[in-house]
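Open the model in your viewer and keep the selection tool at hand. The tour goes from stop to stop, with a selection to make at each.

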Amino acid sequence: MNKGIPLIVSGPSGCGKDTLLRVLFEKYPQVKFSISAVTRPKRGSDTEDGKYRFVTREQFEQMLRDDELLEHNEYVGNYYGTPRQPVSDAVNNGSDIVLEIDVNGAAQIREKLPEAVSVFIMPPSMDSLRGRLTGRGTEASEVVEQRLAQAISEIGRAGEYDYIVINDDLQTAADEIYSILTAEKAKYKNNKNFINEVLNNA
Ligand code: ADP
Ligand code: 5GP
């Protein structure tokens, strides 16, 4: 069996990552998602069984001491981190798994998992990013400004990514992400196990 692909997805806050990934998982339910541990307060739309496991700062620091996290980052005053085990389980079971993480976390993953593939999601324009962030209505205006400032520096690091997907039309963008996975899975290096299995049964 071929291994699954760890797919890093980053993009500035408000560019539509959550919404886009929801469309992706609806259309392609075989793709798995890495649930992050976070210390930020819950938003109205966040649920316990959603994209995050909400923990206290003390719990997060214990996870760090126990080396349970593949990467972590502090973002606008809160910790965010990727639990190691679910990612390695998915990859070893042949499942592709999306890691929705920020640019600093992505850099750490590239060091630890060189086989990871990365996609940077761009908003169609800075105006639409501001509109989406304020339209979501989940953050105070001061936090929106912090997130916009962070967005500009994050977009400056888009060149660290393998692929860029523009989130204009949601269905098109979701299909583009899946096409990236399809193309990556067709690479020779991702088919060595399969080829060996075929040859061993010849
Ligand atoms: P992120 O996860 O990147 O912070 P969200 O998924 O929360 O962003 O999206 C921010 C806002 O933008 C939400 O109100 C969402 O409905 C809206 N949005 C997301 N994608 C699109 C799109 N392709 N076109 C128009 N609005 C969008
Ligand atoms: P939000 O608070 O809007 O849900 O997320 C803020 C930022 O944290 C986003 O850029 C998101 O991609 C990033 N993020 C979410 N989970 C993780 C994680 O596990 N690790 C890292 N490094 N960043 C994360």
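Select Asn167 and ligand 1. A polar atom in the Asn167 side chain lies 2.9 Å from a nitrogen atom of the ligand. Bear in mind from here on that this is a predicted model.

Add Asp168. Here the backbone does the work of contact: one of its polar atoms is 2.8 Å from a nitrogen atom of ligand 1. Now add Cys15. A polar backbone atom of Cys15 is 3.4 Å from an oxygen atom of ligand 1. How much of ligand 1 does the protein bury? Taken alone, ligand 1 exposes 570 Å², and the protein buries 75% of that.

Widen the selection to the shell. Ligand 1 is surrounded by 13 residues. The closest are Gly14, Lys17, Thr19, Arg136 and Asp168. Sort the shell by class and you get 3 nonpolar, 5 polar and 5 charged residues. Show the pocket surface next: ligand 1 sits in the largest pocket. Two elements, α1 (17-27) and α5 (126-136), each give two or more residues to this shell. Color α1, since which element gives the most is settled there: α1 supplies 3 residues.

**Ligand 2**

Move to ligand 2. The space that ligand 2 takes is the largest pocket, too.

Select Tyr80. A polar atom of the Tyr80 side chain lies 2.6 Å from an oxygen atom of ligand 2. Select Glu100. A polar side-chain atom of Glu100 lies 2.7 Å from an oxygen atom of ligand 2. Then select Asp102. An N or O atom in the Asp102 side chain is 2.7 Å from a nitrogen atom of ligand 2. On its own, ligand 2 has 510 Å² of accessible area, and the protein covers 98% of it.

Expand again. How many residues surround ligand 2? The number is 17, and the closest are Ser36, Arg40, Tyr52, Tyr80 and Asp102. By class, this shell holds 4 nonpolar, 5 polar and 8 charged residues. Highlight β5 (69-75) and β6 (78-83): each supplies at least two residues of the shell.

**The loops beside β5**

Stay with β5 and look at its flanking loops. Start with the loop between α2 (57-65) and β5, and pick Asp67 there. Check the phi of Asp67: the value is positive, about 55°, although Asp67 is not a glycine. Most residues other than glycine have a negative phi.

Now go to the loop between β5 and β6, where Val76 is placed. Val76 also has a positive phi, near 40°, and is a residue other than glycine.

**The parallel sheet**

Switch to cartoon view. Which strands make up the open sheet, and in what order? Reading across, the 5 strands run β2-β7-β1-β8-β9, with parallel pairing. Color the edges: β2 (32-33) and β9 (163-166) each pair on one side only.

Zoom in on β1 and β7. Strand β1 (residues 6-10) and strand β7 (residues 97-100) run parallel and are joined by 4 bridges. For a last selection, take Ile8 and Leu99. Ile8 stands opposite Leu99, which belongs to β7.

Terms used
Residues numbered from 1 in each chain as written. Chains lettered and ligands numbered in written order. Predicted model: local features only at pLDDT ≥ 70, side-chain atom pairs only at ≥ 80, totals over all residues. Heavy atoms only, no water. Near = heavy atom within 4 Å. Polar contact = N/O pair within 3.5 Å; in protein donor to acceptor, adjacent residues only side chain to side chain. Areas by Shrake-Rupley, 256 points an atom, 1.4 Å probe, with all protein chains shown as cover. 1 Å grid on protein atoms, 1.4 Å probe; cavity = no way out; pocket = protein on both sides within 12 Å on 5 of 7 lines; lining within 4 Å. Sits in = over half its atoms within 2 Å of the grid points. Nonpolar A, V, L, I, M, F, W, Y, C, P; charged D, E, K, R; others polar. Pairing = 2+ DSSP bridges.
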